[in-house]
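This report describes selected features of a predicted model. It covers ring interactions, a small sheet and the helices that pack on it.

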Amino acid sequence: MSGALDPGRLGDLRLRPIGDKVLRGERLDPDDGLALYGTSDLLGLGLLAGWVNARRNGDRVFFSANQHINPTNVCVLRNTCVFCSFARMPKEEGAYTRSLDEVYHEAAQAEGQPTSEFHIVGGLHPKLRLQYYTDMIAGLKQRHPSVHIKALTAVEIAHLARIERISERDVLQALKDAGLTSLPGGGAEVFSTAVRATIAERKLTGEEWIRVHRTAHELRIPTNCTMLYGHVETAADRIGHLTMLRALQDETGGFLTYIPLAYHPDHNQLGEEMGRVGTATTGYEDLKNIAVARLYLDNVAHIKTHWPMVTPFLSQIALAFGCDDVEGTVVYERVYHEAGAQTQMHMPYGELVRLIRGAGKRPVERNSLYQPVRERFDDTSSGPDARTRVPAPATTAPATPAPATPAPATPAPVVSARAVHAA
Ligand code: SF4
């Protein structure tokens, strides 16, 4: 695809000068971004984005063997993030908070599996202190030393800094010392002040989200970045958001991947108010958000499709629209299923490989830092014996060994499927 791009053949005349810029490797400006969002020539948009992706990543598509863990769904912002289906008040039905033993018990499912990443996000619990999280991370590293830990969104970092009365930098340093590898990109939603006033009036501001990620990057903690689309935001809001992400990436280079997150309207106040219950975003919007991101975020290496939100089928098609990164095996997807996602909670390893190959692409299993773990897949069954792994790169050991915690004698209670600021 990278060899033949003729912008003069694009159906939408507004895309042609943008295609010329893309061919010359020039940065797109906000007006270009608005034209991309405004076009109805989805295939032309995909052609441009696919060309850029092929030039950058060839036919490689990255995925990870990861496991999501959500330690608590109790959140002090439960009544003000009106798009969220996950959070509960402490005494509300369905509220849960895991002990560390319960977290370790769930994480133990990684044993004998190819898991290379724990993805840990949750609510803003009023009483869970920083030590709960540092102990959790250190304990997980002690039990699973080769597994990277991607944990806590910028919102959670800012919350911990507030209740501990210390700086966000100190929170991040403590988590890193405990064994944290990277931060997920959730909690960004859309940075526009007007949008936040409508959907998340008490959540940290866009500038504060950027500040937390800048600090993480300064501490050499790489992070992901996201945007929640498909609710009340405008195309200008989206481009403003992407422009802020691009500016921070120019400054620090710390973003690993960008993930457009599709809003799901079930079981939340915003969906009811908008009369959107039972409807998700459209495939057209999902593909457009992938393609615009690939074209506009010229300094972010990877664009990820989140299959639990948009379905594996749509994610497969996204690989022809500029996407080179697919959400992983997940194991327990609670966040979007609580909001009405109809997809599986788990994607077997072999299915992910087949999904990528089915799109004519070359799968590459990666770790949290996007270092290749495996590039040959002679047997794509999901069993642990089917894989021949290259040694995992060295990871940071916990600064102080965590106290050994015996596994619970009885299985941890099954947590209800609740568990939104993920990714
Ligand atoms: S989106 Fe995050 S911060 Fe807001 S209520 Fe849900 S869990 Fe809490």
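## Charges over aromatic rings

R246 is placed over the face of Y296, at 4.0 Å from the ring centre. A second arrangement of this kind involves R143, which lies over the face of Y104 at 3.8 Å from the ring centre. Y104 belongs to the buried residues of helix 4, and R143 falls within the range of helix 5, residues 130–143.

## Aromatic pairs

The model contains seven aromatic pairs. In one of them, the ring centres of F62 and Y370 are 6.1 Å apart and the planes meet at 65°; because edge-to-face pairs are those with planes over 60 degrees apart, this pair is classed as edge-to-face. F62 is part of strand 1 (residues 60–63), whereas Y370 sits in the loop between strand 9 (362–366) and strand 10 (372–374), so the pair ties together parts that are 308 residues apart in sequence. Both F62 and Y370 are buried.

Ring pairs also link F63, Y349 and F377 into a cluster.

## The three-stranded sheet

Strands 2, 3 and 4 form an open sheet in the order 2-3-4, with parallel pairing. Its edges are strand 2 (66–69) and strand 4 (148–151), each of which pairs on one side only. From one strand to the next, the twist averages 20°.

In general, the strands of a sheet pair through backbone hydrogen bonds, in either a parallel or an antiparallel manner. Here, strand 3 (residues 117–120) is joined to strand 4 by four bridges, and the two run parallel. Within this pairing, I120 of strand 3 stands opposite A151 in strand 4.

## Helices on the sheet

Helix 4 (residues 100–107) lies across strand 2 and strand 3, and runs at about 155° to strand 2. Helix 5 (residues 130–143) also packs on the sheet, where it touches strand 3 and strand 4; its direction makes about 160° with that of strand 4.

How much of helix 4 is covered? Six of its eight residues are buried, which leaves the helix mostly covered. The buried residues are L100, E102, V103, Y104, E106 and A107. Among the elements that cover them are strand 2, strand 3 and helix 5. Helix 4 thus has strand 2 and strand 3 both as the strands that it lies across and as part of its cover.

Definitions and conventions. Residues numbered from 1 in each chain as written. Predicted model: local features only at pLDDT ≥ 70, side-chain atom pairs only at ≥ 80, totals over all residues. Heavy atoms only, no water. Pairing = 2+ DSSP bridges. Axes fitted to C-alpha atoms, helices over the stretch in contact; angles between N-to-C directions. Contact = heavy atoms within 4.5 Å. Phe/Tyr/Trp six-rings, centres within 6.5 Å; stacked < 30°, edge-to-face > 60°. Buried < 20%, exposed > 50% of the residue type's maximum accessible area, 1.4 Å probe, protein only. Lys NZ or Arg CZ within 6 Å of the ring centre and 35° of its normal.
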